[in-house]
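Here are some notes to read alongside the model, written as numbered points for someone who is new to looking at structures. Please keep the sequence and the 3D view open while you go through them.

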Amino acid sequence: MFMLHQHALKVGVVAATVLGIAFTACNKDDNPPAPPSPRNTVFELRGTGTDAARVIGNITVYENADSSVNVTLALGKNKKDTVHQVYFIGGNYTTPTTDTLKTVDAKGNGGMLMVELFKDVKKVTVRQAAGATKEIPFKYDDAVAYAGYLKVMHSRFSTDTLAIGNFGKSK
């Protein structure tokens with residue numbers, strides 16, 4: 001009788017172990033891994049003339065959770081109440097192309113000026129020579145790989161450049 005009891009005990013332990021492993025293997029993960037943190041990349045803008053060696057602003061590409069991006073300009077040097085012209089152009093500032101991603105007016109405040117160039121975009125329309133346009137992908141990896149530059153003009157009536165800097169793979 002003692003032998004039968006010992007055998008039943010061993011069979012019970014083995015069965016419980018097998019069932020425990022089976023239930024554990026079938027159990028869904030209650031703690032899925034956290035989604036990756038949104039990425040961002042910053043490109044510097046420098047002044048011109050006597051400010052050519054000085055960083056006076058930057059362009060930041062932020063990745064959103066839905067894989068769209070925001071692109072913002074932060075400009076530390078600007079003239080209060082002056083409407084500056086901001087151009088986002090293909091190529092780099094020493095060899096520009098005719099492709100234009102964005103042209104915006106930015107009213108100076110005399111302090112740190114923030115300009116939203118793109119918000120929640122996955123594609124942008126590029127204006128080309130002779131009025132042609134083409135749509136290009138502009139998710140995070142596309143944006144930081146795009147060869148472009150940003151140029152801020154003093155005003156729409158002036159040819160003086162206030163800030164300039166390469167963007168993406170032009171960096």
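Does Glu 135 count as buried or exposed, and at what relative accessibility? Glu 135 counts as exposed, at 54% relative accessibility, and point 6 returns to this residue together with its partner. Please bear in mind throughout that this is a predicted model.

1. **The chain as a whole.** The chain contains two helices and 10 strands, and when it is read along the sequence these elements follow the pattern α-β-β-β-β-β-β-β-β-α-β-β. Of its 171 residues, 37% count as buried, while the chain exposes about 10700 Å², of which carbon and sulfur atoms supply 58%. Among the contacts with a separation of 6 or more, 55% come from residues that are 24 or more positions apart.

2. **The nonpolar core.** The largest nonpolar core has 31 residues, and those with the most contacts inside it are Val 71, Leu 73, Leu 117, Phe 118, Phe 138, Leu 150 and Phe 167. Strand E6, which covers residues 113–121, gives the most to this core, with five residues. Leu 150 is a useful residue to click on, since, leaving aside neighbours within four places in sequence, its contacts include Leu 45, Ile 59, Leu 73, Val 86, Phe 88, Leu 117 and Ile 164.

3. **A tilted aromatic pair.** A pair of aromatic rings is described by the distance of the centres and the angle of the planes. The structure holds five aromatic pairs. In one of them, Phe 43 and Phe 167, the ring centres are 4.8 Å apart and the planes stand at 50°, so the pair is classed as tilted. Phe 43 belongs to strand E1 (residues 40–46) and Phe 167 to strand E10 (residues 161–168), so this pair ties together parts that are 124 residues apart in sequence. Phe 43 has a relative accessible area of 3% and is therefore buried, and Phe 167, with a relative accessible area of 0%, is buried as well.

4. **A second pair, and the cluster.** Phe 167 also pairs with Phe 88, this time edge-to-face, with 4.9 Å from centre to centre and 75° between the planes. Because Phe 88 lies in strand E4 (residues 83–92) and Phe 167 in strand E10, this pair ties together parts that are 79 residues apart in sequence. Both Phe 88 and Phe 167 are buried. Taken further, ring pairs link Phe 43, Phe 88, Phe 118, Phe 138, Tyr 146 and Phe 167 into a cluster. Two members of this cluster, Phe 118 and Phe 138, were named in point 2 among the residues with the most contacts inside the core.

5. **A buried residue in a loop.** Ser 155 sits in the loop between strand E9 (147–153) and strand E10. What is its relative accessibility, and how does it count? The value for Ser 155 is 12%, and because buried means under 20%, this residue counts as buried. Leaving aside neighbours within four places in sequence, Ser 155 is in contact with Thr 82, Val 83, His 84 and Gln 85.

6. **Salt bridges.** The count comes to eight salt bridges. In one of them, the closest N and O atoms of Arg 39 and Glu 63 are 2.9 Å apart; this pair links distant parts of the chain, with Arg 39 in the loop between helix H1 (2–26) and strand E1, and Glu 63 in strand E2 (residues 55–63), 24 residues apart. Arg 39 is partly exposed at a relative accessible area of 36%, whereas Glu 63 is buried at 16%. In another, Glu 44 and Arg 46 have their closest N and O atoms 3.3 Å apart, and here Glu 44 is partly exposed at 45% and Arg 46 is partly exposed at 32%. For Lys 123 and Glu 135 the closest N and O atoms are 3.9 Å apart. Lys 123 lies in strand E7 (residues 123–127) and Glu 135 in strand E8 (residues 133–137), so the pair ties together parts that are 12 residues apart in sequence. Lys 123 counts as exposed at 52% relative accessibility, and Glu 135 counts as exposed at 54%. Finally, salt bridges that share partners join Arg 39, Glu 63 and Asp 141 into one network.

How values were computed: Residues are numbered from 1 along each chain as its sequence is written. This is a predicted model: local features need pLDDT of at least 70, side-chain atom pairs count only at pLDDT 80 or more; totals for chains, interfaces and linings use all residues. Side-chain values use heavy atoms; hydrogens and water are left out. Rings of Phe, Tyr and Trp (its six-membered ring) pair if their centres lie within 6.5 Å; planes under 30 degrees apart count as stacked, over 60 as edge-to-face and the rest as tilted. Helices (H or I, at least four residues) and strands (E, at least two) are DSSP runs, numbered from the N terminus. Buried means under 20% relative accessible area, exposed over 50%, partly exposed in between (1.4 Å probe, protein chains only). Contact means heavy atoms within 4.5 Å. A nonpolar core is a set of buried Ala, Val, Leu, Ile, Met, Phe, Trp, Tyr and Cys residues joined through side-chain atoms within 4.5 Å. A salt bridge is a side-chain nitrogen of Lys or Arg within 4 Å of a carboxyl oxygen of Asp or Glu. Accessible areas come from the Shrake-Rupley method with a 1.4 Å probe; for residues, only the protein chains shown count as cover.
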